[in-house]
Amino acid sequence: MSKLRDAKIGSTVTVTKIDGAGAVKKRIMDMGITKGAELFIRKVAPLGDPVEITVRGYELSLRKADADIIEVKAV
C-alpha cells in the first residue's frame, strides 16, 4: 500500500487504512476521510505541504504529516 502523500496529482485513490491514533485519527475521520472513501488529488504545494484533495464533494487541504498516516490504493 502507498501513502496519500505519495499519490500523484490528478489521480483518484481509495482509503484503505488510517494509521493514526486518538485525536489525530478522529480529526481526519471527522473530515470525511474514512476507509473506502475516494480521494481526488487536486494539487500539491511546491514543497509538498499541504496536499489539496477533493473528498465527498468538498475540497480539503491536508498537512504532509496527516497525509502520511493515510494508506491508499489506486482506483
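User: In this predicted model, what is the bridge partner of Ile41 in β4?

Analyst: Ile53 is the bridge partner of Ile41 in β4.

User: What makes β3 and β4 a pair?

Analyst: Two strands count as paired if at least two bridges are found between them. Strand β3 (residues 38-44) and β4 have five bridges, in the antiparallel sense, so the pairing criterion of at least two is met. The hairpin of β3 and β4 has six residues between the strands, and Gly48 takes a positive phi near 90 degrees there.

User: How do you know that β4 also pairs with β5?

Analyst: The criterion is again at least two bridges; β4 and strand β5 (residues 58-62) have five, in the antiparallel sense. Thr54 stands opposite Glu59 in β5. The hairpin of β4 and β5 has two residues between the strands, and Arg56 in the turn has a positive phi of about 50 degrees.

User: Why is strand β4 called mostly covered?

Analyst: A residue is buried if its relative accessible area is under 20%. Four of the five residues in β4 (residues 51-55) are buried, so the strand is described as mostly covered. For the protein chain, buried residues make up 37% of the 75 residues.

User: What makes the radius of gyration of the protein chain agree with a compact globule?

Analyst: A compact globule with 75 residues would have a radius of gyration near 11 Å; the protein chain has 11 Å, so the two agree. The C-alpha atoms fill a box of roughly 30 × 25 × 25 Å along the principal axes.

User: In what order do the elements run?

Analyst: From the N terminus on, the order is β-β-α-β-β-β-α-β, with two helices and six strands in the protein chain.

Notes:
Residues numbered from 1 in each chain as written. Predicted model: local features only at pLDDT ≥ 70, side-chain atom pairs only at ≥ 80, totals over all residues. Heavy atoms only, no water. Buried < 20%, exposed > 50% of the residue type's maximum accessible area, 1.4 Å probe, protein only. Rg over C-alpha atoms; globule rule 2.2 N^0.38 Å.
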